Amino acid sequence: MTVRIKDIAREANVSPTTVSNVIHGNTKKVSPATLERIEAILHKRQYIPSMGARMLAGNSSHLIGVLIGSKRRQERGIDRDPFTSILLETLETEIFRQGYYMLFHISDRPEENWALAATWNIEGLITIGLSPEENEGIREKCGIPLVTVDVYYDIPGMANIGLKDEEGGYLMAQFLFDHGHTDFLFLADNDTGVDHMRWEGIVTYLKEQGSSEGALRERHLLIPSDIAGRQAYYQKKLPLFLEKQALFFASDYYAAEAVQYLRQNNICIPEQISIAGFDDNVYASMCSPPLTTIRQNVPQKAAAAVRKLAALIRGETGIQLEERFPVELIIRDSVALRR
C-alpha cells in the first residue's frame, strides 16, 4: 500500500508541511526531537519520495551525471573491467545515499561530453577515463561542479580523486629488485596519466640503484590496446621475456591475460617468468598462480569522489580539491623470490 505524506504526518502528530520539509532536507525550523521522530517513522514505513516531487520542491534535478570515456570501453569493455564495474556500483550507491540519482553515459567525443553535460540538467558531474583537456573543456563550457577520477593536471583548480600511483610503481620495483629481478620490464598500453606515473615510480627507484637513462628506456614496453595485437606482440617478444624473467604490468587485467598466454605456451610461472600487476582486482586472486600486485581501494575512491562533488554542489568552502589515496604491495605466488 502506498504511504502518503499525510499518513506520516498523522502518525508523527505534525503537519504534512513539516514532514515534506524533512523529506526534502529543509530541517532548519524542525526541532531535533521532531526530526528524529519523523525519520524513524519514514524508515519504519519504508517511505520512498517521488523523484518528480523532489525536483519541484527544491527547484533542482537531484541528478548527478557520470561520464566514461569510450577509450576505456574499447580497450577492455566495462563487463570485463573490474575497476570500472566496481567504481560504478559504488558511485551509484553513494550518490543515492547523498540524496541524488545517477545518470550514466559512455561518451565518444568531447563535443558529446559538453552537449550531454549542458542538456542533462544535472547538478554535478563525475568523469572517468577522460583526458585532462576534455575535463577542462567540460568545466569551462558547462560551469557545473566537476570531480574527475585518476587524472593528472598541469593546471590548478580541478577536483580529482586518485591514487599515489608513483608510490605503487616504486614499491613494486623495489620488491622485484630486492628479490633478484633486476632486469624486469614494465608493460602498459600507453605512457600517459596513471600508467605514466607508475612508470615514474619505477624510474625513481631504478635511478637510486644507478640505472642510466638509456637502460631505463629499454625497460618500458608499450603493448597494443587490442587483444589480437597483444597476442602477436607477446609471441614476438617471448625470447626477450624469457631472458628478463620478470614482467610488471600496469594493470592486473593485462597481467592475468599474459599469464594465460604464457601458460598456453607451456611456460611455467614463476619458475621461468615472474609476473606482477597493479590494482588487486578479481583477476589477481583468480589467476593461476595468484598475482603479486599493488592494491588500490576502488570503493574508497568512488565514495570520496561523490562526497567531494556533493560538497561542491552545496557550495562548501575549504575543500581539498586534489586527493590521492595510498596503495599497498600484495605478495602472492606469481613472482619467484630469488633472494
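**Figure 1. Salt bridges in the predicted model.** The count comes to 16 salt bridges in this predicted model. Side chains of opposite charge can pair when their charged atoms come close. One such pair is Glu213 with Lys207, whose side chains meet at 2.7 Å, N to O. Is Glu213 buried or partly exposed? Glu213 counts as partly exposed, because its relative accessibility is 45%. Lys207 is partly exposed as well, at 43% relative accessibility.

**Figure 2. A salt bridge between two helices.** Glu257 and Arg230 join their side chains in a salt bridge of 2.5 Å, N to O. Which parts of the chain does this pair link? Glu257 sits in helix 13, residues 252–264. Arg230 sits in helix 12, residues 227–244. The two residues are 27 apart in the chain, and the pair links distant parts of it. Both Glu257 and Arg230 are buried.

**Figure 3. A salt bridge between two strands, and its network.** The side chains of Arg295 and Glu328 form a salt bridge at 3.7 Å, N to O. This pair also links distant parts of the chain, with the two positions 33 residues apart in numbering. Arg295 belongs to strand 10, residues 293–295. Glu328 belongs to strand 12, residues 328–330. Arg295 is partly exposed, with 34% relative accessibility. Glu328 is partly exposed too, with a relative accessible area of 40%. Which residues make up the network around this pair? Salt bridges link Asp280, Arg295, Glu328 and Arg332 into a network.

**Figure 4. Asp279, a buried charge with no salt bridge.** Asp279 lies in the loop between strand 9 (274–276) and helix 14 (282–286). Asp279 is buried, yet it has no salt bridge. How far away is the nearest side chain of opposite charge? That side chain belongs to Arg198, and it is 4.3 Å away. A salt bridge needs a nitrogen and an oxygen within 4 Å, so the pair does not count. Asp279 does have a polar partner: its side chain makes a polar contact with the side chain of Gln296 at 2.7 Å. Beyond its neighbours within four places in sequence, Asp279 is in contact with several residues, among them Ser251, Asp252, Thr293 and Ile294. Arg295, shown in Figure 3, is in contact with Asp279 as well.

**Figure 5. Asn190 and its polar contacts.** Asn190 is found in the loop between strand 6 (185–188) and helix 10 (193–208). Asn190 counts as buried, because its relative accessibility is 17%. What does the side chain of Asn190 reach? The side chain of Asn190 reaches the backbone nitrogen of Thr192 at 2.9 Å. It also makes a polar contact with the side chain of Asp195, at 2.9 Å. Leaving out residues up to four places away in sequence, Asn190 touches Asp195, His220 and Leu222.

**Figure 6. An aromatic cluster.** The structure holds eleven aromatic pairs. One of them joins Tyr233 and Tyr234. A pair of aromatic rings is described by the distance of the centres and the angle of the planes. For Tyr233 and Tyr234, the centres are 6.4 Å apart and the planes meet at 70°. This arrangement is edge-to-face. Tyr233 counts as buried, at 15% relative accessibility. Tyr234 is buried too, with a relative accessible area of 1%. Which residues share the cluster? Ring pairs link Tyr233, Tyr234, Phe241, Phe249 and Tyr261.

**Figure 7. Cysteines without a disulfide.** A disulfide is a covalent bond between the sulfur atoms of two cysteines. How many disulfides does the model have? The count comes to zero. Cys287 is in no disulfide, and the nearest cysteine sulfur, that of Cys268, is 14 Å away. Cys287 is buried, with a relative accessible area of 10%. Cys142 is buried as well, at 18%.

**Figure 8. Gln98 in its loop.** Gln98 is placed in the loop between helix 6 (82–97) and strand 2 (101–107). Its relative accessible area is 27%, so Gln98 is partly exposed. Gln98 touches Val306, Arg307, Ala310 and Arg314, not counting residues up to four places away in sequence. Gln98 and His62 are 36 residues apart in sequence, and their C-alpha atoms are 9.7 Å apart in space.

Technical notes
Residues are numbered from 1 along each chain as its sequence is written. This is a predicted model: local features need pLDDT of at least 70, side-chain atom pairs count only at pLDDT 80 or more; totals for chains, interfaces and linings use all residues. Side-chain values use heavy atoms; hydrogens and water are left out. Helices (H or I, at least four residues) and strands (E, at least two) are DSSP runs, numbered from the N terminus. Buried means under 20% relative accessible area, exposed over 50%, partly exposed in between (1.4 Å probe, protein chains only). Lys and Arg count as positive and Asp and Glu as negative; His and the chain ends are not counted. A polar contact is a pair of N or O atoms within 3.5 Å; within protein, one must be able to donate a hydrogen and the other to accept it, and residues adjacent in sequence count only if both atoms are side-chain atoms. Contact means heavy atoms within 4.5 Å. A disulfide is a pair of cysteine sulfur atoms within 2.5 Å. Rings of Phe, Tyr and Trp (its six-membered ring) pair if their centres lie within 6.5 Å; planes under 30 degrees apart count as stacked, over 60 as edge-to-face and the rest as tilted.
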